[in-house]
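Please explain how this structure is arranged, beginning with its pockets and moving on to a strand and a loop residue that help to read the fold.

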Amino acid sequence: MNWAAVSFDWNQVRAFLATAEEGSFSGAARALNTTQPTIGRQISELEERLGVTLVERSVRGPKLTDTGRDLLKHVRAMGEAATLISMSATAHAQDVSGPVTVTATDLLSAQSLPGLLAPLRDSNPGIRVSIVASNDLQNLIKREADIAIRHVRPEQPDLIARHVGDFHAGLYASKAYLDRAGRPRVPRDAANHVFVGNPDPERLIAPMQSLGIPLRPENFVMSSDNGVVVWELMRANLGITVLPDALCDLDPTLERVLPELPPFQFPIWLVTHRELQTSKRIRIVFDLLVRGFQEMTNLKRT
């Protein structure tokens, strides 16, 4: 290997990669938890060492030069290699203290994870859990999370996925709403009620119609793409929505609407990166969540 040719600093390369990925010096500074002048200085130092111009500076922000674009694929490969080094080191770490990041939908993060993770405070107080509440599929390969809870099985070969149960869901409303608006006796009756939920009502109209509930867009009076907001809309007596039985059955103020209808069903997958499976602290959290979700779904089935 020509060691003399490798005369640049990884921090300089990282600053260039973050700027290219984030699209600005300020975005790169936020991503790397540093300052904008530091990012600019590190890129300038990298350009000086390589003898090329990588980024054009302007009032509209940084723009990659042709050389910068050509080198970016190699820089990305370095970034991926650095991530794998970090993963491998984490996998071999036997110290059970340290951070673990778990990502799940906003509703699961708020309603399920606090209770499922609470035993860690007694059994492994050195583990610090960060919960990323997001409905987006976080990229485990880039270490945006150590463990993801998903409702679809990932396809990436580097990920380990375990099916830990299935959530059953149904129509729910607050008892106060049903006391005021009346309780549907047959599926068609539900079409005379108001609904809250997903901002795209067409996603719910089709499955409802297959159950004999002729909903229309006009039935949906309030919506949100945030599950916690939908939960609170329902609890504020504003209408009917679709939510998991395992969450709603714990709230005595809520009531299943048309309980004779067949439930909706969606799987729960726990996912982690293959390299992280041997990390002791991540394994502890992973196994705790496996047991917790299995118990939650099994209790619902019995």
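**Pockets, a strand and a loop residue**

The largest pocket holds about 1100 Å³ of space, in a model that is predicted. Its lining is made up of 38 residues, and those that lie nearest the centre are His 151, Asn 198, Arg 203, Val 242 and Phe 266. Among the elements that give two or more residues to this lining are the strands E3 (98–104), E5 (147–150), E6 (159–174), E9 (241–244) and E11 (264–273), together with the helices H5 (106–111), H9 (202–210) and H10 (227–235). The largest share, four residues, is that of E9. By class, the lining of the largest pocket comprises 20 nonpolar, twelve polar and six charged residues.

The second largest pocket has a volume of about 810 Å³, and 22 residues line it, with Leu 17, Gly 79, Glu 80, Thr 83 and Lys 142 lying nearest its centre. Helices H1 (10–22), H2 (25–32) and H4 (66–92) each supply at least two residues of this lining, and H4 gives the most, with nine residues. The lining of the second largest pocket divides into nine nonpolar, four polar and nine charged residues.

Strand E3, which was named above among the elements lining the largest pocket, also leads into the strand pairing. Because six of the seven residues of E3 are buried, this strand is largely enclosed by the rest of the structure. E3 pairs with strand E4 (residues 127–133) in the parallel sense, over seven bridges, and within that pairing Thr 101 stands opposite Ser 130 in E4. E3 is also joined to E5, by two bridges and again in parallel, with Val 102 standing opposite Ile 147 in E5. In a regular strand, side chains alternate between the two faces of the sheet.

The last stop is Gly 239, which is placed in the loop between H10 and E9, two elements that each give two or more residues to the lining of the largest pocket. Is this glycine, Gly 239, buried or exposed? Gly 239 counts as buried, because its relative accessibility is 0%, where the cut-off for that term is under 20%. When neighbours within four places in sequence are left aside, the residues in contact with Gly 239 are Tyr 172, Ala 173, Tyr 177, Val 194, Val 196 and Met 234. Gly 239 and Asn 33, by contrast, are 206 residues apart in sequence and 43 Å apart in space, taken from C-alpha to C-alpha.

Note on methods: Residues are numbered from 1 along each chain as its sequence is written. This is a predicted model: local features need pLDDT of at least 70, side-chain atom pairs count only at pLDDT 80 or more; totals for chains, interfaces and linings use all residues. Side-chain values use heavy atoms; hydrogens and water are left out. On a 1 Å grid over the protein atoms alone, a cavity is a set of points where a 1.4 Å probe fits but cannot get out, and a pocket is an open set with protein on both sides within 12 Å along at least five of seven lines; lining residues have an atom within 4 Å of a point. Grid points are joined across faces, edges and corners, and a volume is the space filled by probe spheres set on the points. Ala, Val, Leu, Ile, Met, Phe, Trp, Tyr, Cys and Pro count as nonpolar, Asp, Glu, Lys and Arg as charged, and the others, Gly among them, as polar. Buried means under 20% relative accessible area, exposed over 50%, partly exposed in between (1.4 Å probe, protein chains only). Contact means heavy atoms within 4.5 Å. Two strands pair if DSSP finds at least two bridges between them.
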